[in-house]
Amino acid sequence: MQTKRMTFNSRWLPYALLAPQVIITLVFFVWPASQALWQSMLRQDPFGLRTTFVWFQNFERLFEDSHYLASMKTTLIFSVSTTLLSMSVALLFAVMVNRMIRSQNAYSTFLVWPYAVAPAIAGVLWWFIFNPSVGILPYILEGFGYDWNHRLDAGDAMILVVVAAAWKQISYNFLFFLAGLHSIPQSLVEAAAIDGASRTKRFWTIIFPLLSPTTFFLMVVNVVYAMFDTFGVIHATTEGGPAQATNILVYKVYRDGFVGNNLGSSAAQSVILMVIVIALTVVQFRWIERRVNY
Amino acid sequence: MARIVIDDLHKVYAGGVKAVTGVSLDIADGEMIVLVGPSGCGKSTLLRMVAGLETITNGTLTIGDRVVNDLEPADRDIAMVFQNYALYPHMTVRGNLAYGLKNRGVSKPDIERRVNEAAAMLEIADFLDRKPRALSGGQRQRVAMGRALVREPAAFLFDEPLSNLDAKLRVQMRVEIRQLQRRLRTTSLYVTHDQLEALTMADRLVVLNGGVIEQVGTPMDVYAKPASVFVAGFIGSPAMNMIDAGYLRDHGSMPAEMPSGTDIVGVRPDDLLLAKPEGPHLALQGTVALLEPAGAESHIYVTLDGNSAPLTVRVQGLPSVLEGQGVPLYAPLSALHPFNKASGKRTD
């Protein structure tokens, strides 16, 4: 295919047009990232008076630190649960809305609204709902004989952050799933109906496989979201507690760096996170391009 | 193998749009019925009602001995071939063929045997393990056919199955579908907007317009004796010429034998002659507006003196007329089709 080529009259114009984006990337990504890289190999004394270059010692210590390894496990549980919960609920909503004819737009609008809520606000919202002393949910659960207290119980705390983090992401997933459902030709579903497949069978053998590119894309996006974008939710609800039970990696970076003042370790942790996010991005691009046509 | 009886079927959509109004049709066992009409005539809606993909607003539909109005598509014992083939893109050809059998709980060896039989019959055995996207248009069409016939249903429903193919392939598939249907003797309902497809494939032809049946008959009956102005214009290519009876009277060439109520006279392009025929005939005078050679035949567009719409004349080979030349035109009286303008119906 022939592509149309534009030529600029001035040699400098293309550079000038690219400059803003390049400058923003340099200032807000490359510079802090390299700072983190540099800092991850330094160690400061408790008063910040002396700094020593320690090579990879920060990393070595991290992988020997049982708290850090526990945080990795917590992050894994948290992100997998959040992804599963938000995606399955979103898929359920999308399938239900897709069946409607006239009210589709109205329902879509309502279901997308939560996405506009800031993570910290959502966190506070859930903080109130789940609050062991004044919250509505513990009150109801008490009626069923369950004593909810996420300040003491690690399991309760994990459920709280998973629900709070997933809730917002449902809107986003819903939109993609709905668009995915729209792009499945109606005649395929009709053909399957004639071929004797029940409604459930049609969903699992035709619709769900055809949604797989969307599902895969959302899975990566959701894992990235759960691992890196949920700082606000954690901060507003459990602050990593009780006893580190919800202290996911990205929150630990903040705790160790800005509360514990261990900048070297904090920087090393953020470098590890950077490597993870780069790996996820590579996986996303490689796989999605391969699987998009089934 | 089944007889299909469509009795006074109506379809009114939620918005109040009437797609089909009172269609009745008795399809014999093993018969190939072609529903033909312009887009929006209700032919696809009618087919989809038979398939069970659209609800029936009113009327009775019987397949075999069962009234199937309220049955799910799967329970009607029919198979459908879709316009866009509707092959499952994530399954291999084998998977596509086997899907309907699996859902019906056919045993594994039986599935294997029937898939292989169908694949052999349609010459798609070589690509059983490919995905649909790796197939050409014609091969996909065969797979879609295969998916219908492995099920060995009581009836085949075709929804414009050839309209996505190029012209050459369309002719080839048309012949193959017809041969296959003849061999299997499965009752078939075939929807198309292509009048040539309709003429060549049908045992009986049903011409639909505006949700009602205009005419039912064998292709040659419909061609030789169209029941209405609409059918006359729709079946046959180039379309039948319609001459206003008023014009003929003014020019003193209106035949006296025309039935009463005739105010349009139709004549097929083949029946307009440049040379005077034997026997009683209609004689006209016009000017050649355009000469269109089309290989074995040529189309001459002739503007009648004092009449703006040109008539189409079809002749064999290349005629020795020039554009702008005055020519006489003749038509045997036996070849004229008399119609009434107000009712749109044939008057004889």
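These legends go with close-up views of a predicted model.

**View 1. Chain A on its own.**
Let's start with the overall build of chain A, which has 13 helices and 2 strands. Measured out along its principal axes, the C-alpha trace of chain A spans about 75 × 75 × 30 Å. Of the 294 residues in chain A, 40% are buried. If you take the contacts in chain A between residues at least 6 apart in sequence, 65% of them join residues at least 24 apart.

**View 2. Around A:Leu137.**
Zooming in on chain A, you'll find A:Leu137 in helix H6, which covers residues 136–143. A:Leu137 counts as partly exposed because its relative accessibility is 28%, and the partly exposed class sits between the cut-offs of 20% and 50%. Setting aside neighbours within four places in sequence, A:Leu137 is in contact with A:Ile129 and A:Phe130. A:Trp148 is also worth picking out here: A:Leu137 and A:Trp148 are 11 residues apart in sequence, and their C-alpha atoms are 8.4 Å apart in space.

**View 3. Where chain B meets chain A.**
Here the two chains come together, with 23 residues of chain B in contact with 18 residues of chain A. Together they bury about 1,700 Å², and carbon and sulfur atoms give 59% of that area.

**View 4. Salt bridges and polar contacts between the chains.**
Now for the polar side of the chain B and chain A interface, where 2 salt bridges turn up. One of the pairs to look for is A:Glu190 with B:Arg48, whose side chains meet in a salt bridge at 2.5 Å, N to O. Between chain B and chain A there are also 13 residue pairs in polar contact, counting pairs with both residues at pLDDT 80 or more. On the chain B side that touches chain A, the elements that give two or more residues are helix H1 (43–51), strand S6 (78–81) and helix H2 (93–103). Sorted by class, the residues on that side of chain B come out as 14 nonpolar, 4 polar and 5 charged.

**View 5. The two domains of chain B.**
Chain B splits into domain 1 (4–233) and domain 2 (244–339). Taken over C-alpha atoms, the centres of domain 1 and domain 2 of chain B are 39 Å apart. Their contact takes 8 residues from domain 1 of chain B and 5 residues from domain 2 of chain B. The area buried between these two domains of chain B is about 510 Å², with carbon and sulfur atoms giving 58%. Look on the domain 1 side for B:Tyr223, B:Pro226 and B:Val229, which lose the most area to domain 2 of chain B and together make up 70% of what that side buries.

**View 6. What lines the domain 1 side in chain B.**
How many salt bridges are there between domain 1 and domain 2 of chain B? The count is 0. For polar contacts between domain 1 and domain 2 of chain B, there is 1 residue pair, with both residues at pLDDT 80 or more. Helix H7 (219–224) and helix H8 (229–234) of chain B each supply at least two residues of the domain 1 side that touches domain 2. H7(B) gives the largest share of that side, 3 residues. By class, the domain 1 side that touches domain 2 of chain B has 7 nonpolar, 1 polar and no charged residues.

Key. Residues are numbered from 1 along each chain as its sequence is written. Chains are lettered from A and ligands numbered from 1 in the order in which they are written. Side-chain values use heavy atoms; hydrogens and water are left out. Contact means heavy atoms within 4.5 Å. Buried area is the accessible area (1.4 Å probe) that two parts lose on being put together, summed over both. A salt bridge is a side-chain nitrogen of Lys or Arg within 4 Å of a carboxyl oxygen of Asp or Glu. A polar contact is a pair of N or O atoms within 3.5 Å; within protein, one must be able to donate a hydrogen and the other to accept it, and residues adjacent in sequence count only if both atoms are side-chain atoms. Helices (H or I, at least four residues) and strands (E, at least two) are DSSP runs, numbered from the N terminus. Ala, Val, Leu, Ile, Met, Phe, Trp, Tyr, Cys and Pro count as nonpolar, Asp, Glu, Lys and Arg as charged, and the others, Gly among them, as polar. Domain bounds come from an automatic or database domain assignment. Buried means under 20% relative accessible area, exposed over 50%, partly exposed in between (1.4 Å probe, protein chains only).
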